[in-house]
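Hello,

Here is the structure I promised to pass on. Please open it first, then read my notes below.

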Amino acid sequence: HNVPIENIERIEVVRGPGGSVWGSNAVNGVINIITRHSLDSQGNEVVASVGTEPSGSLYARTGDVLNDDATYRASFRLDGAGSSDTPGGRDGNDDWRNAQADMRIDWSLSAIDDLMISAGVNAVRNGDLAVAPTLTAPYSAIEEHETERLGVHLLARWDRQYTEDENLMVQGYVDHRDNEVGTPEAQDARTVVDFQTRYYRPVLSEGRVHVGGGVRVTKDSLD
């Protein structure tokens, strides 16, 4: 995912092992990107830039209220870069394009219940050069290849804030990626389904207990 910087509230960097809180892959640290609440990004915004490397970008966002208890934000981002030249003067075929659309809804269900739904779709195309074997001298040739990626994701999180120090969270996440690779030609598809829950509350006078659990299922296919 290419999270637009305009949608980011803050970035937390946690150093050191954190597997007990963040999962088995949090070996050396965690980078946690927290996006803005849709209530904090109301109205319309358009940002465009033009350059030589990358060649340019376009970002558009709109946000509004759905009702007295719900707000939304929708955004679109398009950016890319042109090809560079190899030391021998050949076109490097390393241009790339990225397009992404995102949507977020925040809904206050009650005085203590909040629901957040986030979804997005992302498409990437990039080129490269690869050395391929041949049957005649010099028995290799440089070929141009392209890689295309398409992904969609959906996240839903429910929070119940009993008190300032007591909270229950339930979250579900689905992510699907299709990759069409040209070096060598192959198609890869991956689907991830993740479910997590967490509860914490104070104990004794200075303590706090955290209880949680989760399950993740990953399905891969390669053709």
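**The loop between β7 and β8**

Y139 counts as exposed, at 52% relative accessibility. One caution before going on: this is a predicted model.

Y139 sits in the loop between β7 and β8. Its phi is positive, about 65 degrees, although Y139 is not a glycine. Most residues other than glycine have a negative phi, and most peptide bonds are trans. The peptide bond from A137 to P138 is cis, with omega near 5 degrees. P138 also belongs to this loop, which runs between β7 (113-133) and β8 (140-163).

**Strands β5, β6 and β7**

Strand β5 (residues 70-81) and strand β6 (residues 96-108) run antiparallel. They are joined by 12 bridges. One position to look at is T71, which stands opposite D106 in β6.

β6 also pairs with β7, again antiparallel, through 13 bridges. The two form a hairpin, with 4 residues between them. Here R97 has R125 in β7 as its bridge partner.

**Salt bridges**

How many salt bridges does a search of the whole structure find? The count is 14. Side chains of opposite charge can pair when their charged atoms come close. A few are worth a look.

- R10 with E9: the closest N and O atoms are 2.6 Å apart. R10 is partly exposed, with a relative accessible area of 39%. E9 is partly exposed too, at 43% relative accessibility.
- D106 with R104: the closest N and O atoms are 2.9 Å apart. Both D106 and R104 are buried.
- R216 with D194: the closest N and O atoms are 3.0 Å apart. This pair links distant parts of the chain, with R216 in strand β11 and D194 in strand β10, 22 residues apart. Are the two partners buried or exposed? R216 is exposed at 52% relative accessibility, because the cut-off for exposed is over 50%. D194 has a relative accessible area of 8%, so it falls under the 20% limit and is buried.

There is also a network. E6, R77 and D79 are joined into one by salt bridges that share partners.

**N167 in β9**

N167 lies in strand β9 (residues 166-182). Its relative accessible area is 3%, so N167 is buried. What does its side chain make a polar contact with? The partner is the side chain of R198, at 2.9 Å. The N167 side chain also reaches the backbone oxygen of R160, at 3.5 Å.

The contact list for N167 leaves aside neighbours within four places in sequence. It holds D159, R160, Q161 and Y162, along with R198, Y199 and Y200. So R160 and R198 appear both in the list and as partners of the N167 side chain, R160 through its backbone oxygen and R198 through its side chain.

**The surface patch and strand β11**

Which residues form a nonpolar patch on the surface? They are L154, V174, V193, F195, V215 and V217. Together they have about 500 Å² of accessible area. Two elements give two or more residues to the patch: β10 (185-203) and β11 (207-222).

Take V217 as one of the patch residues. V217 is in strand β11. It is exposed, with a relative accessible area of 53%.

T218 is found in strand β11 as well. T218 is partly exposed, because its relative accessible area of 42% lies between the 20% and 50% limits. T218 touches R190, T191 and V192, not counting residues up to four places away in sequence. The C-alpha atoms of T218 and D194 are separated by 8.6 Å, although the two residues are 24 apart along the chain. D194 is the salt-bridge partner of R216 described above.

**Where to start**

If time is short, begin with three places. Look at the loop holding P138 and Y139. Then view the buried N167 with its R198 contact. Finish with the R216 and D194 salt bridge and the nonpolar patch that includes V215 and V217.

Best wishes

Notes
Residues are numbered from 1 along each chain as its sequence is written. This is a predicted model: local features need pLDDT of at least 70, side-chain atom pairs count only at pLDDT 80 or more; totals for chains, interfaces and linings use all residues. Side-chain values use heavy atoms; hydrogens and water are left out. Patches are made of residues with over 30% relative accessible area and no salt bridge: like charges are joined within 9 Å, nonpolar side chains (Val, Leu, Ile, Met, Phe, Trp, Tyr) within 5 Å. Accessible areas come from the Shrake-Rupley method with a 1.4 Å probe; for residues, only the protein chains shown count as cover. A salt bridge is a side-chain nitrogen of Lys or Arg within 4 Å of a carboxyl oxygen of Asp or Glu. Buried means under 20% relative accessible area, exposed over 50%, partly exposed in between (1.4 Å probe, protein chains only). A polar contact is a pair of N or O atoms within 3.5 Å; within protein, one must be able to donate a hydrogen and the other to accept it, and residues adjacent in sequence count only if both atoms are side-chain atoms. Contact means heavy atoms within 4.5 Å. Two strands pair if DSSP finds at least two bridges between them.
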